[in-house]
Amino acid sequence: MAQRILEPGEIETLAQRSIPRVRLPARATVFARRASRLRDLSTSIGIGDYLRFLAVLVDAQHSLLADLSVCIPTPAHLKASAGHGMPPIQPAAWPRTDAWFETLKGICDALAAHPEFPLGVSETVSRLRRAPREWIEAQADALLQCGDQAIDGAAAPLVMAALQVHWAALAASFTADAVRALDVPGLCPLCGSQPVASVVYAQSPYQGYRYLHCALCATEWHMVRVLCSRCGASGKSIAYQSAMVGAKQENDGSAAEAAVRAETCEQCRCYRKILYQEKDPQVEPVADDLASLNLDLLLGQSGYHRASGNPLLWQPNGN
Ligand SMILES: [Zn+2]
Ligand SMILES: [Zn+2]
């Protein structure tokens, strides 16, 4: 019997169909895993105190998420968003309830319970506790819109942490099948935010596939490898560098053993980090990105720019 040979395009289509497109965050583990990873990483590198502070912040996120209920989008809202090619929960337009403000207070309380933290932390907590609600809402608006102006850089990680709790709760209320792909593959299909980094998973059904991790809602979405998540360039424009061996390219094998690498793009001269679970099963995008700031320094010295910032480390030009 004659067999029809599949054309290359058909093979790719079949392969794409079998790849889970979206991984939604689990309320029970999304922040717990991150806090645990921050603690583990804090024991081995020079910025351990900073990572332990962040672990306390993420612990607070985990506790506050446990009891949080959020208003989920109505079917009519979802239909309207899809009709306009927009993600279902756009941060700039989605109404924030009083609950998010209470979450921020809870984060401040959790940090205030640690007098061993540097003075700057208690000063920031005091400033946030005294701040008018309007000022805090304006800070949240500016962060969600990636605006540079008038952002309080010290308060930004705390405000962002409170926002993350709410958007993770929203994301966890969806089912993966209900999340449509956007026309812009480098943006989160659920909230339209930028990814903080990407992960290549080692376990079925995700083995060998790369997922971008949303900086706001922690949704992960599939993107093929060796492709710039910012401008879409591929092939020879893409290279990999790691801090283990200095800024060398993967082509010579020198970066291939590192669990955290930078995927650089010659077309837009930007990079995002890519984590390999095969090299370290515990990698976590937000935590490992923060713990590898030395790699950012190397890339900066080589003339590359971060494609987008880390939600817990606000930098004027990194967002
Ligand atoms: Zn998102
Ligand atoms: Zn690019």
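Mentor: Let us start with labels: helices and strands here are DSSP runs, a strand having at least two residues, and they are numbered from the N terminus. Please also keep in mind that this is a predicted model.

Trainee: Thanks! Let me begin with empty space. How many cavities of 30 Å³ or more does a search of the whole structure find?

Mentor: The general idea is that a cavity is a place where a 1.4 Å probe fits but cannot get out. In this structure the search finds one of 30 Å³ or more, and its volume is about 50 Å³.

Trainee: Which strands each supply at least two residues of its lining?

Mentor: Those are strand E6 (260–265) and strand E7 (270–276). E7 gives the most, with three residues. The full lining is Cys228, Ser229, Arg230, Glu263, Cys265, Cys270, Tyr271, Arg272 and Ala307. Sorted by class, that makes five nonpolar, one polar and three charged residues.

Trainee: Now the metals. Which residues coordinate the zinc ion (ligand 2)?

Mentor: Four cysteines do so through their SG atoms: Cys228, Cys231, Cys265 and Cys268, at 2.3 to 2.4 Å. Two of these names should ring a bell, as Cys228 and Cys265 also line the cavity. Along the chain the donors are spaced C-x2-C-x33-C-x2-C.

Trainee: How should I read the angles at a site like that? What is the geometry of the zinc ion (ligand 2)?

Mentor: As a reference, the ideal angle for four tetrahedral donors is 109.5 degrees. Here the angles among the four donor atoms run from 103 to 117°, and the site is tetrahedral.

Trainee: Are the donors Cys228 and Cys231 buried or partly exposed?

Mentor: One of each. Cys228 is buried because its relative accessibility is 7%, under the 20% limit for that label. Cys231, with a relative accessible area of 32%, is partly exposed.

Trainee: And which protein donors does the zinc ion (ligand 1) have?

Mentor: Its donors are the SG atoms of Cys188, Cys191, Cys214 and Cys217, which lie 2.3 to 2.4 Å from the ion. The spacing in sequence is C-x2-C-x22-C-x2-C. The donor angles of 99 to 120° make this arrangement tetrahedral. Both Cys188 and Cys191 are buried.

Trainee: On to charges. How many salt bridges does the structure hold?

Mentor: Side chains of opposite charge can pair when their charged atoms come close. This structure holds 20 salt bridges. One of them joins Asp59 and Arg39, with N and O 2.5 Å apart. That pair links distant parts of the chain, since Asp59 sits in helix H3 (residues 48–66) and Arg39 in helix H2 (residues 30–42), 20 residues apart. Asp59 is partly exposed at 29% relative accessibility, and Arg39 is partly exposed at 36%.

Trainee: Which parts does the salt bridge between Asp296 and Arg306 tie together?

Mentor: In that pair the closest N and O atoms are 3.0 Å apart. Asp296 belongs to helix H10 (residues 293–301) and Arg306 to strand E8 (residues 305–306), so the bridge ties together parts that are ten residues apart in sequence. Asp296 is buried, with a relative accessible area of 13%, and Arg306 is buried at 17%. Glu266 and Arg269 form another salt bridge, 2.8 Å from N to O. There is a network too, in which salt bridges link Arg96, Asp98, Arg133, Glu137 and Asp141.

Trainee: Last topic, the backbone. Which peptide bond is cis, with omega near 5°?

Mentor: Most residues other than glycine have a negative phi, and most peptide bonds are trans. The bond from Ser204 to Pro205 is cis, and Pro205 is found in the loop between strand E2 (195–200) and strand E3 (210–214).

Trainee: What is the phi of Ala218, and of Val226?

Mentor: Ala218 has a positive phi of about 70°, and Val226 has one near 55°. Ala218 lies in the loop between E3 and strand E4 (220–222), where its relative accessibility of 8% counts as buried. Val226 is in the loop between E4 and strand E5 (238–241), and at 37% relative accessibility Val226 counts as partly exposed.

Methods: Residues numbered from 1 in each chain as written. Chains lettered and ligands numbered in written order. Predicted model: local features only at pLDDT ≥ 70, side-chain atom pairs only at ≥ 80, totals over all residues. Heavy atoms only, no water. 1 Å grid on protein atoms, 1.4 Å probe; cavity = no way out; pocket = protein on both sides within 12 Å on 5 of 7 lines; lining within 4 Å. Points joined across faces, edges and corners; volume = space filled by probe spheres on them. Helix = DSSP H or I, 4+ residues; strand = E, 2+ residues; numbered from the N terminus. Nonpolar A, V, L, I, M, F, W, Y, C, P; charged D, E, K, R; others polar. Salt bridge = Lys/Arg side-chain N within 4 Å of Asp/Glu carboxyl O. Buried < 20%, exposed > 50% of the residue type's maximum accessible area, 1.4 Å probe, protein only. Donors = N, O, S within 2.8 Å, 3.2 Å for Na, K, Ca; no water. Tetrahedral: all angles 85-135°; square planar, octahedral: opposite > 155°, others 65-115°.
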